[in-house]
Amino acid sequence: MITAQPRHLRRRYDVVVVGGGPAGLEAAVAAQNAGAAQVLVVDREPEAGGILQQCIHTGFGLHRFGAELTGPEYAQRLVAQALVQGVDIVADACVLDVDEQRRVKLMTTASGIATVDAGAVVLAMGARERTRAAARIPGTRPAGIFTAGLAQRLVNLYGLMPGRRAAILGSGDIGLIMARRLVLEGVEVAGVFELMPHANGLNRNIVQCLHDFAIPLYLSTTVVEIHGRERLEKVTVAPVDSTLQPQLAQAWEVPCDTLLLSIGLIPENELSEQLRLRIDPATRGPVVASTMECSRDGVFACGNVVHIHDLVDFVSAEAMLAGTCAGRFATAAPAPADNVRLLSGENVRYCVPHTISTEREHTVYLRTLRPLESCELRLVEAEGNVLYTKRLRYVFPAEMVTLKLRPAILQKFHGGTLRVDLVPRAFPEQGDAAEPSFPLSAPDKRPGGEP
Amino acid sequence: MTAHTTHYLCIGCPLGCRLEVEEEEGGQAEVEVRGFSCRRGRDYALQEHRAPQRMVTTTVAIDHALWPRLPVRSQQPVPRQLVPEICRALRSVHVVAPVMLGDVLVENVLGCGVAIVAARDMAAC
Ligand SMILES: Cc1cc2nc3c(=O)[nH]c(=O)nc-3n(C[C@H](O)[C@H](O)[C@H](O)COP(=O)(O)OP(=O)(O)OC[C@H]3O[C@@H](n4cnc5c(N)ncnc54)[C@H](O)[C@@H]3O)c2cc1C
Ligand code: SF4
């Protein structure tokens, strides 16, 4: 990987980006393009690239680069782009604090603690893996229990195998990808156990990671006990009923020395909390305006630190917006303020950004609370008037919905809040020509139409 | 003649249609595809039925680099059934940094006509 560790940190940068994953790298380049002359990216890993460096499978970049890349290939393109633009990247450096005056305190292995002033700050710290469910499983606390992403790091960067026979709790994409990875490395995979009645990962991963290798997927099933003294020896698994209560009478044992947890990611927001940014309890990331600005002036955020993205291509798009606005803020040409607040209504878990402007075009990302086939996305005014509707062929919790909002839609709207609802449609018409929007899974041609 | 049905899950979009391919026993190209909602699904079922292809991604050992493993990929997709064997064969490949993205590490892996290339740069250190 090309790296250019700057010799000296400047005292002041127009924009300082915390985190050198895809979000941070895209934001840095966009900030520079928007007029910021000095841009610094700080990452605590020994190189930039973020989580992409360990995601060696293909499936990245169809949207952003029009090619199906591996994670490291995507990362390398972004690092190269940043260096060509003259962005400074410091690796092996951890940001300890960002204060209200946008002073960024960082610690490097080479030169200890340093403080730099920033015209604008972009938070791009990514996410960490959930472990809570593990702590709640009754039983012993032996070695051999890993989050799926940690196992991925051990296998793909260090060539270390977590064990010989693994069970996987949770059917998120990372767990599915790791099931295949372990089998290809000669580790036996006993099965994937999913609490919910539906799989959490993409169908593509169900097929290419599980079906291809005859790995069983047990839906509505969970791990209820962990056994083993020093090392994990087996887990007890049981089916759950419709209220997710395990049916212990039907439990069975799965011998394994390794348990991988693939139960989701949480935005990494220690710095945001230290800075006392407003946090949305639904996303667990900072509340952001349509410029990706947080609740403190000049602090922007993008990528998994704001909300968990399924696809890195969306991270890139969001980060370009954040970087552009941060660059403008730093060079004293900020975008006009927002005048509409978005509320999550029926079936909507969250919407990002949290506020928008009636004068500009926006991409709003939202997630549904439950799978719905054939539904309508509605923008509803406080008085109940429906301002805008869009038919969707389906929505799934694991699949982010994107909504392009043009100023024309909001022209006749003068209120202060808009509610976003996902309403099931009672009588789906036959031969419905409504186009689903999934630009990433079907970049070439869209299904629909042909029966 | 008896008909033989194989099931597939379409990966074309999140609807995940359940596809069926029915083939006459001993019959030549005459197959019937069911369960798709669009043309992509039909094409996918036929492709999976006749000649499933997969991209290979794994790692090989690398010396004098930042990490002990180098990610590698096949330049094109390979027949699906070859994937495990290719990964096994790549376990004995050992390279030394520096390596550049796209460097060919194995020219014609297992004689299937596809090259295995480095998926990133890795500088010597
Ligand atoms: C295992 C896995 C598989 C995936 N598979 C796919 C896929 O197939 N296709 C796809 O499109 N997307 C996939 N994704 C999603 C995609 O990779 C992520 O959405 C994307 O990497 C998020 O980018 P980010 O920059 O927000 O976070 P990250 O990539 O996590 O980067 C955050 C960076 O910030 C640094 N950092 C954090 N805190 C600090 C601090 N205090 N100081 C300094 N540095 C700090 C971290 O070291 C890290 O490098 C996958 C994700 C994972 C985890
Ligand atoms: S057949 Fe068409 S609609 Fe059905 S899953 Fe495949 S691509 Fe989607």
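**Asking how the labels are earned**

Me: What makes the site of ligand 2 one that is shared between chains?
Reply: Residues from chains A and B surround ligand 2, so the site is shared between chains. A residue is near a molecule if one of its heavy atoms lies within 4 Å of it. Of the 13 residues around ligand 2, those that come nearest are Cys10(B), Cys13(B), Cys17(B), Cys38(B) and Gly41(B).

Me: How do you know what these names and values refer to?
Reply: This is a predicted model, in which local features need pLDDT of at least 70 and side-chain atom pairs count only at pLDDT 80 or more, while totals for chains, interfaces and linings use all residues. Residues are numbered from 1 along each chain as its sequence is written, chains are lettered from A and ligands numbered from 1 in the order in which they are written, and side-chain values use heavy atoms, with hydrogens and water left out.

Me: Which classes make up the shell around ligand 2?
Reply: The shell divides into 7 nonpolar, 4 polar and 2 charged residues. Here Ala, Val, Leu, Ile, Met, Phe, Trp, Tyr, Cys and Pro count as nonpolar, Asp, Glu, Lys and Arg as charged, and the others, Gly among them, as polar. The shell around ligand 1, sorted in this way, has 17 nonpolar, 11 polar and 5 charged residues.

Me: What makes the pair formed by His57(A) and ligand 1 a polar contact?
Reply: A polar contact is a pair of N or O atoms within 3.5 Å (within protein, one must be able to donate a hydrogen and the other to accept it, and residues adjacent in sequence count only if both atoms are side-chain atoms). An N or O atom in the side chain of His57(A) is 3.0 Å from an oxygen atom of ligand 1, so the pair meets the limit. A backbone N or O atom of Ile51(A) lies 2.9 Å from an oxygen atom of this ligand, and a backbone N or O atom of Gly59(A) lies 3.3 Å from a nitrogen atom of ligand 1.

Me: Why is Met292(A) called buried?
Reply: Buried means under 20% relative accessible area, exposed over 50%, and partly exposed in between, with a 1.4 Å probe and protein chains only. Met292(A) has 2% relative accessibility, and therefore counts as buried. Its phi is near 70°, a positive value in a residue other than glycine.

Me: Is His64(B) buried or exposed, and how do you know?
Reply: His64(B) has a relative accessible area of 54%, so it is exposed. Phi of His64(B) is near 60°, again a positive value in a residue other than glycine. Most residues other than glycine have a negative phi, and most peptide bonds are trans.

Me: Which peptide bonds that end at a proline are cis?
Reply: The bond from Val352(A) to Pro353(A) is cis, with omega near 0°, and the bond from Ala97(B) to Pro98(B) is cis as well, with omega near 5°.

Me: Why is the largest nonpolar core said to lie between domains?
Reply: A nonpolar core is a set of buried Ala, Val, Leu, Ile, Met, Phe, Trp, Tyr and Cys residues joined through side-chain atoms within 4.5 Å. The largest has 67 residues, and those with the most contacts inside it are Val15(A), Ile89(A) and Val104(A). Domain 1 (12-128 + 266-331) and domain 3 (340-424) of chain A both give residues to this core, so it lies between them; the domain bounds come from an automatic or database domain assignment.
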